[in-house]
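Reader: Hey, I've got a protein open on my screen and I'm a bit lost. Can you walk me through it?

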Amino acid sequence: MQTRSSGNTQGIDVSRYQGNIDWAKVKASGMTFVFIKATEGQTYTDPNYQKNVTGALAAGMLVGTYHFFRATSTDGAKAEAAHYANTLNKVGGAKALQLPPVMDYENNPGNLSKAQMNTVAKAFLTELQRLTGVKPIIYTGNSFAGNFDTSLSSYDLWIARYSNTRVPDDQPAWKRWTFWQYTDSGKVNGISGNVDMNEFEGTAAQLRARYAAVTPKPPEPTNPTNPTNPTNPSNPNPPTEPPKGGEPMTAEEKAAFDALKSQVDKLQARQQMEVPVWAKAAVDAALAYDTKNPLFSIDNGASYDFYRFITVMHRRGLFKK
């Protein structure tokens, strides 16, 4: 396979073993992306999973997650895929992240034949894609990769080979790596102790572009009373500005408020979570904008997409009095 390149962007992967992570320092150290352990088997969830995802996103990292695969049957593989997908829903689903979900398949606890291993792997990958809407990638070791046949060639490869001199070997299913985990003893600011270091086969811009379809753009509110935008005809539905806080609403402002509230209600009704750190300022500003006619309530939490939407609106100054 290909060698590492000085222009390739760098990243890490983490689990509970890295403890509390200062994600701002990690990002400042030059790390562009991270894969975070989410699940293992049919029931286990990493205790730091949600905290790590929230922190990494707030720091501006490109974020993906991985599942440690243990299944020895197709039914078990599908059950593991369901567990992983359900856990992804706690952070807004696979499409809320910038990098695809990962099947970490690196040992053979059931002493399966190669044919059986490929069968259970494909069952997991197919079911996970069906449940999440995102095509996964495969993580495995340099030696273990030889178990996989060409039926898995269409999946991007994240391969482990800890060496400064030897590249990963060509495999039956792959002749190139997409990600290379090249050491398990890296040092990065913001993390105590060792951490796995990884490299993508291109620049940060190329990494974003490769998986851009994974993450949809934040939804924009529409204004039903203003179907066209005379100041910018190419943008027929500009963001709707809420009415000024504390003042009586005109009929037009009431329609705009109702349209925005409808959009908020739809987003809030999805999988609910507590307010993430990166969204707190935006949520506080939105709630304080007009206390007589609050735009929403978060007594029971809200979805990741909701918090992202409110944050985008806040950054655009829509909640300034």
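Author: Sure, let's start with Tyr139. Tyr139 is buried, because its relative accessible area is 7%, and the cut-off for buried is under 20%. Keep in mind that this is a predicted model.

Reader: OK, and where is the place of Tyr139?

Author: Tyr139 sits in strand 6, which covers residues 137–141.

Reader: Which residues is Tyr139 in contact with, leaving aside its neighbours within four places in sequence?

Author: Tyr139 touches Val102, Met103, Asp104, Tyr105 and Glu106, and also Trp158, Ala160, Tyr162 and Gln181. With Gln181 there's a polar contact between the two side chains, at 2.7 Å.

Reader: What separates the C-alpha atoms of Tyr139 and Asp156?

Author: A distance of 8.7 Å, and the two residues are 17 residues apart along the chain.

Reader: Let's zoom out. How many helices and strands does the protein have?

Author: There are 8 helices and 9 strands in the protein. As for burial, 51% of the 321 residues count as buried.

Reader: And what about the area the protein exposes?

Author: That comes to about 14800 Å², with carbon and sulfur atoms supplying 48% of it.

Reader: How much of the contacts comes from residues 24 or more positions apart?

Author: If you take the contacts with a separation of 6 or more, 67% of them are between residues 24 or more positions apart.

Reader: Now the helices. At what angle do helix 3 and helix 4 pack?

Author: The angle is about 35 degrees, and their axes are 8 Å apart. Helix 4 is residues 114–132. The crossing of helix 3 and helix 4 is right-handed.

Reader: Which residues make that contact?

Author: On the helix 3 side they include Ala77, Ala81, Tyr84 and Leu88, and on the helix 4 side they include Val120, Phe124 and Leu128. By class, the contact has 11 nonpolar, 3 polar and 3 charged residues.

Reader: His83 is in helix 3 too, right where I'm looking. Is His83 buried or exposed?

Author: His83 does lie in helix 3, residues 74–88. His83 is buried, since its relative accessible area is 12%, which is under 20%.

Reader: So what is His83 in contact with, leaving aside its neighbours within four places in sequence?

Author: His83 contacts Thr39, Glu40, Gly41, Gln42, Thr43, Tyr44 and Thr45. For Thr43, the side chain of His83 reaches the backbone oxygen at 3.4 Å.

Conventions
Residues numbered from 1 in each chain as written. Predicted model: local features only at pLDDT ≥ 70, side-chain atom pairs only at ≥ 80, totals over all residues. Heavy atoms only, no water. Helix = DSSP H or I, 4+ residues; strand = E, 2+ residues; numbered from the N terminus. Buried < 20%, exposed > 50% of the residue type's maximum accessible area, 1.4 Å probe, protein only. Polar contact = N/O pair within 3.5 Å; in protein donor to acceptor, adjacent residues only side chain to side chain. Contact = heavy atoms within 4.5 Å. Areas by Shrake-Rupley, 256 points an atom, 1.4 Å probe, with all protein chains shown as cover. Axes fitted to C-alpha atoms, helices over the stretch in contact; angles between N-to-C directions. Left-handed = near helix turned anticlockwise from the far one by under 90°. Nonpolar A, V, L, I, M, F, W, Y, C, P; charged D, E, K, R; others polar.
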